[in-house]
Amino acid sequence: YSRTLQISEPNEFDIMLVMPVTRLQLDECDDTGAYYYLSFKRNPKEKHLLKFVDEDGKLSALKMIQALREIIKQEVKNIKIVEVTVKRKKARSPAITLQIKNPPAEISVDIILTLKVQHSWPPSTQDGLKIEQWLGRKVKGEFRNKPLYLVAKQNKREKVLQGNTWRLSFSHIEKAMMNNHGSSKTCCESDGPKCCRKSCLKLLKYLLEQLKMKYTKELEKFCSYHAKTAFFHSCVMWPNDTDWHWGDLDHCFQKYLSYFLDCLQKSQLPHFFIPQYNLLSLEDKASSDFLSKQINYQLNNRFPIFQE
């Protein structure tokens with residue numbers, strides 16, 4: 001399967017719209033360690049953001065997204081070269097989605113409102129990012145000195161949906177790890193040794209995507225972030241470039257896949273940066289078992305879904 005696979009054309013894109021904010025106070029809003037209420041410390045520089053503060057003094061993600069939607073709707077009217085529309089708001093989704101119609105294909109772009117805060121990483125991240133053996137202590141230190149990103153994201157566990165929760169985001173760090181993924185500094189560079197790490201991740205993402213298309217309802221709880229998280233954990237478990245030899249793609253993929261199956265079976269996939277936050281809760285055990293069964297079927301039958 002690995003030799004012939006042409007992964008499908010990308011037609012969905014994410015753009016983070018980053019707003020720098022100087023000083024914010026972060027208060028955890030539950031035990032995940034991922035969701036926070038934000039409020040301004042006194043005399044904020046960002047006076048223009050005060051109108052988005054709710055009656056409890058919390059910065060409202062909902063109010064900010066609504067305002068941003070309106071701005072984007074106005075702006076999109078000025079685009080003449082292609083047909084761009086703002087899609088209707090999906091419940092719980094923090095993104096503003098643009099539909100861009102133009103041959104050869106239609107693409108959708110998610111715009112995600114992101115705050116960039118000069119704030120040290122909160123305590124819940126203390127034991128995360130265990131990359132010392134894989135990328136090194138120095139790299140870890142550099143990552144942890146980068147600013148904190150928070151995305152406007154509704155917390156499902158909140159009984160009353162007020163729209164004022166924000167979730168930590170590490171996509172800037174994830175991107176950096178993807179771009180420099182080797183324990184040797186030259187891995188996958190033009191003159192360096194080639195590994196199959198990225199190909200393994202692509203394969204699992206594609207497998208998930210195909211299964212989700214087939215069993216949309218049963219697998220709605222899963223997304224590519226599950227594959228990505230399991231991938232980073234795998235890179236830590238097998239930290240050397242020789243563990244991901246380009247010639248061993250089949251073997252490496254199966255190793256990574258069996259780790260992912262193990263997570264599904266235990267309903268345990270810790271967030272890579274926030275270890276106390278489990279991305280597979282026990283209440284979703286039924287869908288984890290379903291996915292497990294589907295993946296095992298694929299594995300035992302030499303991945304018919306890749307041939308379809």
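Two exercises with worked solutions follow, on the domains and on one pocket of a predicted model.

Residues are numbered from 1 along each chain as its sequence is written. Local features need pLDDT of at least 70 and side-chain atom pairs count only at pLDDT 80 or more, whereas totals for chains, interfaces and linings use all residues, and side-chain values use heavy atoms, with hydrogens and water left out.

**Exercise 1.** Describe how domain 1 and domain 2 meet.

Solution. Begin with the bounds, which come from an automatic or database domain assignment: domain 1 covers 1-180 and domain 2 covers 188-307. Next, take the contact (heavy atoms within 4.5 Å), to which domain 1 gives 28 residues and domain 2 gives 29 residues. Then turn to buried area, the accessible area (1.4 Å probe) that two parts lose on being put together, summed over both; for this pair of domains the value is about 2,500 Å², with 67% of it on carbon and sulfur atoms. Finally, look for salt bridges (a side-chain nitrogen of Lys or Arg within 4 Å of a carboxyl oxygen of Asp or Glu), of which the rule finds one across the interface.

**Exercise 2.** Which residues are the closest to the centre of the second largest pocket?

Solution. A pocket is an open set of points on a 1 Å grid over the protein atoms alone, where a 1.4 Å probe fits, with protein on both sides within 12 Å along at least five of seven lines; lining residues have an atom within 4 Å of a point. Of the 17 lining residues, the closest to the centre are Ala176, Asn179, Asn180, His181 and Lys185.
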